[in-house]
Amino acid sequence: MFDYNFHWRPVLKNLPDLLAAGLTTLQVAVLAMIIGVIVGLGLALIRLHMRGPLRWFASAWVELARNTPALFQLFFFGFGLGALGVHMTPYAIVLSALSFNCAGYLAENFRGGFQAIPDTQIRAARSLGMTAWQTYTRIIIPQVFRIVYHPLTNQMVWAVLISSLGMLVGFRELSGETQALASRTYRIFEYFAVTAVIYYLIVKIILGASRLLAARLFRY
Amino acid sequence: MEPTISFFFDFQLSDLWYLAEAAWRTLLISALSITIGTVLGVVFGWMLFEGRWAAALFLGPLLDVFRSVPLIIQLVLFYNFAPIIGLVLDPFLSGVVILSIYCAALVANVARGGMEAVGPSMRRAARSLGMSYWQDLRHVVLPIGTRAVFPSWVGVALGVMKDSALVSVLGYVELLKASQILITRTQEPLLILTIAGAFYFALSYPISRYAANLEKRWAS
C-alpha cells in the first residue's frame, strides 16, 4: 500500500497555464449567465403572458433544459447539430449549451419571482400614470431581482461547475486544459487535485463577491 | 459491381435493445447512489442540525467541497486515487461511491432544512409529553420534516439521476456512453441522441411535475 510517489513539480510548473484556463472557465460561465439571464427573462415573460406556438416553444425549452442531463445537451449542441450541418468550435458548443441550460433554469426562477409580485402593484403603478415599460423597469423588475438574487448566484456557481464538461468536447477550459496537461505527464491525480482546488476557490470567490454585492445592493 | 464495404452500419432494431440495456444501467447506478446518498445525507443533516462544534468545523466544510468541485473532477480524482491507496475499483463502483457522497452532500442540506422546519416549540411539546429524544425524532421530526422538504429531495434525486451521465467518463456504459458508442458506429447522432434524451426526459419530467404539484398542494 502507498508505494505511489506524488510528483507535484510538473503541476506547479504548469500552474500559470491552469490559472489562465481558469479564467477561460470564468469567462464562458459569465457569458453564458448574461445570455441566460436575457433569454431566461424572455422565456419567463412569454410563459406568463402569451398563448399559442411561442408559449409552447418557451415551455419546451424550459422543460428540456431542466429534465435532461447537461452532458446530453452538450452532446446535442456538439454532435447533434453537427449532423444538421451546423459545425461550431468547442468554445461555441460549450457556450451555447451552457446558455441553453442556464436560460431554462433561470426562466423558472424568474417566473416564480414574477408570480410573487401581486397584480395590485401593476395596477397601482399603471393608475399612477406609468407606462407598461416604466411599471416593469421601476416597480416589478427591482423586486423580482431581489427575489431571484440568491438563485442567480447559485446558477452562476452551477454554470462554472458544468462548464467543466467542456473537456469532453475538446474545449480547453480549466478541465480540458488539465486533461491535456495530465495526459502529457500521466500525473493525472496531481493535476486534477490542483484543478479541484482552483474550482473550489473560483466558487468561493463567486459566493463571496455575491455576498458583498448583496450587502451593497440590498441595504434598505 | 458489389457495393463498397462500409465500416458503418445503419441503426438497427438490436441497437434499440442495446440502448434499453444502457438505460437500465443508468437507472441502476442512479437508484443505488440515491439510496445510499439519502441515508448518509440524512445522518449528515442530523449531525449538522444538532450543531456540535465538530460537525460545524469539519463536516460542513467537507460536504461543501463536494458541492463546490465539478462532479466530473471528483470522479476522475477518485478513480485515479483509489489505486494509490490500493483499492481496485471498477468504473461502476467508483461511480457509485462518488455519486453517493455527492448525493449525500446535497441531501444533508435538505435534511437539515427539514429538521429546522419543525420548530423548537413543537419539539419541546413532544419532549414534555414524555417522549424520549429518539421518539421525538422518529414520530414528530421525521414526518413533519419529510413533508416540508420532500419536493426539494425529489429535485436532488433527479439531479443525481441526470448527473449519473458523467460516470461515462470512467468508461461505465450507461445511456449516454452507449449512445456515443452507437453514434461512432452508425454516424447518426441526431436520431440516437434524440432517443437518449427522450429517455431521460420521460423519466425526469413526470417525477418533477409530480413534485411540483405536491409542493403546490402542501403549500396551501
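This passage walks through the overall build of chain A, its contact with chain B, and a handful of individual residues.

The model is a predicted one, so local features are given only at a pLDDT of at least 70 and side-chain atom pairs only at pLDDT 80 or more, while totals for chains, interfaces and linings use all residues. Residues are numbered from 1 along each chain as its sequence is written, chains are lettered from A and ligands numbered from 1 in the order in which they are written, and side-chain values rest on heavy atoms, with hydrogens and water left out.

Chain A is a helical affair, with nine helices and zero strands. Here helices (H or I, at least four residues) and strands (E, at least two) are DSSP runs, numbered from the N terminus. Going along the sequence, the pattern of chain A reads α-α-α-α-α-α-α-α-α. Along the principal axes, the C-alpha atoms of chain A fill a box of roughly 75 × 50 × 30 Å. Of the 220 residues in chain A, 45% are buried; buried means under 20% relative accessible area, exposed means over 50%, and partly exposed is in between (1.4 Å probe, protein chains only).

Contacts, meaning heavy atoms within 4.5 Å, often link distant parts of the sequence. Among the contacts in chain A with a separation of 6 or more, 76% are between residues 24 or more positions apart. The accessible surface of chain A comes to about 11300 Å², and carbon and sulfur atoms own 67% of that. Such areas come from the Shrake-Rupley method with a 1.4 Å probe, and for residues only the protein chains shown count as cover.

As for charge, chain A carries 18 positive and 8 negative side chains, and the centres of the two sets lie 14 Å apart. Lys and Arg count as positive and Asp and Glu as negative, with His and the chain ends not counted; each charge is placed at NZ of Lys, CZ of Arg, CG of Asp or CD of Glu.

Next comes the interface. Between them, chain A and chain B bury about 3100 Å², 79% of it on carbon and sulfur atoms. Buried area is the accessible area (1.4 Å probe) that two parts lose on being put together, summed over both. Asn67(A), Pro69(A) and Phe189(A) supply 19% of the area that chain A buries against chain B, more than any other three residues. In terms of contacts, 36 residues of chain A meet 33 residues of chain B. One residue with a contact across the chains is Val65(B), which touches Tyr200(A) as well as Gln74(B), not counting residues up to four places away in sequence. Val65(B) belongs to helix α2 (residues 53-68) of chain B and is partly exposed because its relative accessible area is 33%. The C-alpha atoms of Val65(B) and Tyr205(B) are separated by 29 Å, with their positions 140 residues apart along the chain.

Within chain A, Thr25(A) is part of helix α2 (residues 15-49). With a relative accessible area of 0%, Thr25(A) counts as buried. Setting aside neighbours within four places in sequence, the contacts of Thr25(A) are Val160(A), Ser163(A), Glu173(A), Leu174(A) and Tyr199(A). Glu173(A) is 148 residues away from Thr25(A) in sequence, yet 5.2 Å away in space, C-alpha to C-alpha. Pro142(A) lies in helix α7 (residues 132-162) of chain A and is partly exposed, at 38% relative accessible area. Beyond its neighbours within four places in sequence, Pro142(A) is in contact with Tyr136(A) and Thr137(A).

Two loop residues have an unusual sign of phi to look at. Tyr186(A) has a positive phi of about 60° although it is not a glycine, and this residue is found in the loop between α8 (174-185) and α9 (188-217) of chain A. Tyr186(A) is exposed because its relative accessible area is 63%. In chain B, phi of Gln187(B) is near 60°, again positive in a residue other than glycine. Gln187(B) is in the loop between α7 (175-186) and α8 of chain B, and its relative accessible area of 47% makes it partly exposed.

Finally, the cysteines. Cys102(A) is buried, at 0% relative accessibility, and Cys103(B) is buried as well, at 1%. With a disulfide taken as a pair of cysteine sulfur atoms within 2.5 Å, the count over all chains comes to zero.
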